[in-house]
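Biologist: Please give me a close look at one part of this model, the shell around the ligand. Which kinds of residue make up that shell, nonpolar, polar or charged? Please then follow the account outward into the surrounding fold.

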Amino acid sequence: MPLRVLVTGGGRGIGRAIALRFAREGAHVAVAARNSGELDAVAAEITAAGGKGRAQQMDVGDHGSVEGGVYRAVEFLGGAMDLLVNCAGVFDVKPITSMDVASWHRHMNVNLNGPFYVTLESLDALMAGDRPHIVNVASVAARTAFPGNSAYCASKYGLRGFSDAIRLDLKDKGIRVSTVYPGATDTKIFDRVPGNWDRSKMNKPEDVAEVVWKANRATTGTPIDDLDVPPRA
Ligand SMILES: NC(=O)c1ccc[n+]([C@@H]2O[C@H](COP(=O)([O-])OP(=O)(O)OC[C@H]3O[C@@H](n4cnc5c(N)ncnc54)[C@H](OP(=O)(O)O)[C@@H]3O)[C@@H](O)[C@H]2O)c1
């Protein structure tokens with residue numbers, strides 16, 4: 001039976017790499033985001049890699065959009081979900097002295113409300129899944145503060161708390177919950193970040209995908225609650 005997977009933020013970057021890592025093992029993967037062109041391309045890549053891909057347009061910050069999107073993704077997956085990866089996210093660097101209300105709300109909506117909405121709408125399908133697993137992609141900024149990161153840190157610290165709390169709620173349902181804490185990773189998210197970044201020193205999206213793959217496949221009892229992504233040598 002192929003793994004049945006939903007990855008938000010699956011149109012590019014870390015989400016795309018996670019989707020393709022599972023596709024290589026034959027998984028059926030629904031990828032969700034707003035940009036349908038990117039989603040269509042990744043869905044085709046999933047199928048070419050040996051899985052079965054589905055592009056599912058969804059704005060994770062809009063509960064109505066999530067309700068419809070998860071419903072259609074679960075239909076594609078055949079009524080059950082083995083793995084949900086909450087990866088959609090945004091990142092602006094703005095010190096509090098220049099923070100604006102719109103940027104603050106965007107971070108909270110996409111990075112924190114999004115995983116809540118998508119998890120809520122996926123629970124029934126997860127409970128029908130095999131060794132079900134929720135993976136929340138946080139950040140090193142869920143544990144450590146950085147300048148200009150008030151909205152991002154608040155949303156990611158919040159996601160870490162959400163993840164820790166639902167792990168307790170879902171333990172007796174057999175649903176595993178992992179939080180991932182990537183450091184700087186070479187994706188388009190850095191296109192909007194001011195400064196001279198040496199992207200060659202960053203992790204690659206595939207490094208995060210490998211950590212998620214190994215955690216999902218780990219035998220029962222292996223600690224997978226908190227997943228760091230070791231920096232490349
Ligand atoms: N790159 C890093 O250094 C790094 C480090 C730590 C953690 N992270 C986290 O990793 C996750 C993925 O980041 P990335 O680096 O891969 O960034 P990315 O390349 O910019 O990808 C972000 C993904 O999220 C989707 N997304 C954004 N807003 C959305 C919305 N409202 N609804 C649905 N999808 C939405 C984007 O698609 P659309 O724009 O088409 O919707 C895209 O597919 C984020 O949660 C980020 O915070 C990244």
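Modeller: For this purpose, Ala, Val, Leu, Ile, Met, Phe, Trp, Tyr, Cys and Pro are counted as nonpolar, Asp, Glu, Lys and Arg as charged, and the others, Gly among them, as polar. On that basis, the shell in this predicted model comprises 13 nonpolar, eleven polar and five charged residues. The ligand is surrounded by 29 residues, of which Gly 9, Gly 13, Arg 34, Asn 35 and Gly 89 are the closest. With three residues, helix α1 contributes the most to this shell.

Helix α1, residues 13-23, also links the account to the interior, since it supplies seven residues, the largest share, to the largest nonpolar core. That core holds 61 residues, and those with the most contacts inside it are Val 7, Ile 18, Ala 19, Val 29, Val 31, Val 85 and Val 180. In soluble globular proteins, nonpolar side chains tend to be buried together. Val 29 illustrates the packing: beyond its neighbours within four places in sequence, Val 29 is in contact with Val 5, Val 7, Ala 19, Phe 22, Ala 23, Ile 46, Gly 51 and Gly 53.

One of those partners, Ile 46, is a buried residue of α2, as are Leu 39, Val 42 and Ala 43. Viewed along the axis of α2, these buried residues fall within an arc of 105° and therefore line one face of the helix. Their cover includes α1, β2 (28-33) and β3 (52-57). The face turned away from the buried side carries the exposed residues Gly 37, Ala 44 and Ala 48. Helix α2 spans residues 36-48 and reaches 18 Å from its first C-alpha to its last, close to the 18 Å expected at 1.5 Å a residue. Just after α2, Gly 50 adopts a positive phi of about 115°.

Helix α5, residues 150-170, may be read in a similar manner; its 21 residues reach 30 Å between the first and last C-alpha, close to the 30 Å expected. Buried in α5 are Ala 151, Tyr 152, Ser 155, Lys 156, Leu 159 and Ser 163. Seen down the helix axis, they fall within an arc of 115°, so they line one face of α5. An α-helix has 3.6 residues a turn, so residues three or four places apart point the same way. The buried residues of α5 pack against α4 (101-127), β5 (133-137) and β6 (176-181), whereas Ala 165 and Leu 168 are exposed on the other side of α5.

How values were computed. Residues are numbered from 1 along each chain as its sequence is written. This is a predicted model: local features need pLDDT of at least 70, side-chain atom pairs count only at pLDDT 80 or more; totals for chains, interfaces and linings use all residues. A nonpolar core is a set of buried Ala, Val, Leu, Ile, Met, Phe, Trp, Tyr and Cys residues joined through C-beta atoms within 7 Å. A residue is buried if 20 or more other C-beta atoms lie within 10 Å of its own, exposed if 12 or fewer, and partly exposed in between; C-beta atoms are placed from the backbone. Helices (H or I, at least four residues) and strands (E, at least two) are DSSP runs, numbered from the N terminus. Two residues are in contact if their C-beta atoms, placed from the backbone, lie within 7 Å. A residue is near a molecule or strand if its C-beta atom, placed from the backbone, lies within 6 Å of it. The expected span of a helix is 1.5 Å times one less than its number of residues. The arc is that of the directions from the helix axis to the C-beta atoms.
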